[in-house]
Amino acid sequence: MSDDAPSISPRNLYDRIRSGEPVAILDVRDRDEFDAWHVDGPNVTARQVPYVQFVAARANGEPASQLPDDLEEPIVAVCGVGEASGETAAMLQDADVEAHNLAGGMDAWADLLVAHEFETTDSDVRVVQYERPSTGCLSYRITSGGEAIVIDPLHAFADRYVEAIENRGLTCHSVVDTHVHADHVSGTRALADRLDATVVLPTGARERGLEFDATFVADGDSLEVGDVPVDIVHTPGHTSEHVTLDADGVLFTGDTLFLDGVGRPDLEDPDAARIHAAQLYDALHETLFQYPEDTVVAPGHVQPATVDGDGPYVDTLAAVRDRIPLADLPRDDFVDCVSNNLPPRPANHEQIVEYNLGRATIDQSALQLELGPNNCAIPGE
């Protein structure tokens with residue numbers, strides 16, 4: 001058997017998925033691991049066959065017999081860290097199947113952070129959207145006049161945000177969370193400590209039991225980056241405290257409004273889901289949909305590895321609204337639909353909220369809690 005199979009890096013796999021090219025994933029982890037979380041996307045065919053089946057088939061000289069019929073070459077073999085999948089890919093190569101190994105496995109896929117830069121209407125204002133393809137989480141850095149604000153950072157990538165800011169000689173005064181996140185461990189405190197910045201949260205986070213020092217902002221308040229105001233707009237519904245940030249024609253909508261859906265209303269308090277769904281309807285119709293149609297929507301999540309060419313996941317408010325017929329239902333129907341058609345909750349969401357309120361210690365095991373789909377959205381159809 002060959003010692004090695006060709007490998008593909010997480011970034012190259014991401015680029016293939018975003019290009020729209022069909023991608024065949026052979027996941028050789030155990031079934032429960034695959035069901036909890038795997039490489040996904042609209043042009044991805046992902047199938048699970050345990051590594052031990054290929055080992056057994058190799059003894060009979062027929063490892064390729066274990067391949068599902070709907071996996072077409074080239075095949076990318078995946079496991080936790082890239083070892084069992086590397087061996088599987090080598091077996092398939094020896095059987096004349098074009099197979100590659102995802103280098104570093106799902107651990108490396110989880111560690112991928114992709115930066116997309118775009119301009120606003122002010123040529124001095126630049127935005128970097130940070131995408132974590134494995135979960136669809138989006139975070140942002142706004143820069144102007146040598147200053148920066150970071151929005152919704154992930155703790156897992158704190159070093160990379162800091163490195164980017166320091167390498168560019170920027171001063172970061174504020175690190176902002178749009179709400180108390182339930183799908184990932186927030187990086188606001190880690191960045192603030194490293195950058196001598198201020199943690200900024202909506203005032204309602206205090207009522208939810210926040211147990212660390214922060215600067216609180218409410219509807220009508222404003223931050224600044226350079227000479228550019230970043231206005232705070234209260235948009236409750238996903239959570240009671242949720243805010244949207246309005247900076248130079250871009251709405252950073254967090255989990256209120258996505259490119260193809262809206263935020264789920266039940267993660268703060270399942271018993272109050274209908275109340276929050278009504279708040280969400282009002283936040284959309286009385287606030288966000290009142291902005292000009294060419295306003296840019298920059299959401300807090302996107303479906304993992306969504307095919308949309310290259311560049312950032314943003315769109316105009318008009319295009320987003322056209323994509324979400326759910327939002328145009330009568331208020332009572334919207335509340336019924338949003339509160340009754342809920343997807344599975346994010347994995348370990350209650351524990352993650354405890355970390356983000358400062359009521360539990362963040363460590364490496366905490367970061368493992370957030371792996372998997374975020375499930376914070378209600379599809380707009």
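The axes of helix 6 (residues 158-167) and helix 7 (residues 188-195) come within 9 Å in this predicted model. They cross at roughly 35 degrees. The crossing of helix 6 with helix 7 is right-handed. On the side of helix 6, the contact involves A158, D159, Y161, V162, I165 and E166. Helix 7 contributes A190, L191, R194 and L195. By class, this contact holds seven nonpolar and three charged residues, with no polar ones.

Two loop residues flank these helices. D152 sits in the loop between strand 9 (147-151) and helix 6. Its phi is positive, about 55 degrees, although D152 is not a glycine. D152 is buried, at 4% relative accessibility. D196 lies in the loop between helix 7 and strand 11 (198-202). D196 likewise is not a glycine and has a positive phi, near 55 degrees. With a relative accessible area of 72%, however, D196 is exposed.

A second helix pair is formed by helix 3 (residues 51-59) and helix 4 (residues 84-94). Their axes come within 10 Å and cross at roughly 35 degrees. Here the crossing is left-handed. Y51, F54, V55 and R58 of helix 3 touch A84, E87, T88, M91 and L92 of helix 4. This contact of helix 3 with helix 4 comprises six nonpolar residues, one polar residue and two charged residues.

The chain between helix 3 and helix 4 was examined next. P74 belongs to the loop between helix 3 and strand 4. The peptide bond from E73 to P74 is cis, and its omega is near -5 degrees. After strand 4 (75-78), the loop leading to helix 4 contains G80. G80 is partly exposed, at 27% relative accessibility. Leaving aside residues up to four places away in sequence, G80 touches R29, G104, G105, M106 and D107. G20 is 60 residues from G80 along the chain, and their C-alpha atoms are 25 Å apart.

Burial in two further helices is one-sided. In helix 11 (residues 331-340), the buried residues include F334, V335, V338 and S339. These four cover an arc of only 110 degrees around the axis, so they lie on the same side of helix 11. D332 and N340 are exposed on the other side of helix 11. The buried residues of helix 11 pack against three elements: strand 17 (261-263), helix 9 (273-287) and strand 20 (377-379).

Helix 12 (residues 349-356) has H349, I352, V353, Y355 and N356 among its buried residues. Viewed down the axis of helix 12, the buried residues fall within an arc of 160 degrees, so they line one face of the helix. Just after helix 12 comes G358, with a positive phi of about 80 degrees.

Cysteines were considered last. A search of the whole structure finds zero disulfides. A disulfide would need two cysteine sulfur atoms within 2.5 Å. For C337, the closest cysteine sulfur is that of C376. The two sulfur atoms are 17 Å apart, which is too far for a bond. C337 is partly exposed, with 22% relative accessibility. C79, by contrast, is buried, and its relative accessible area is 5%.

Technical notes. Residues are numbered from 1 along each chain as its sequence is written. This is a predicted model: local features need pLDDT of at least 70, side-chain atom pairs count only at pLDDT 80 or more; totals for chains, interfaces and linings use all residues. Side-chain values use heavy atoms; hydrogens and water are left out. Axes are lines fitted to C-alpha atoms, for helices over the stretch in contact, and angles run from 0 to 180 degrees between N-to-C directions. Helices (H or I, at least four residues) and strands (E, at least two) are DSSP runs, numbered from the N terminus. A crossing is left-handed if the near helix is turned anticlockwise from the far one by less than a right angle, and right-handed if clockwise. Contact means heavy atoms within 4.5 Å. Ala, Val, Leu, Ile, Met, Phe, Trp, Tyr, Cys and Pro count as nonpolar, Asp, Glu, Lys and Arg as charged, and the others, Gly among them, as polar. Buried means under 20% relative accessible area, exposed over 50%, partly exposed in between (1.4 Å probe, protein chains only). The arc is that of the directions from the helix axis to the C-beta atoms.
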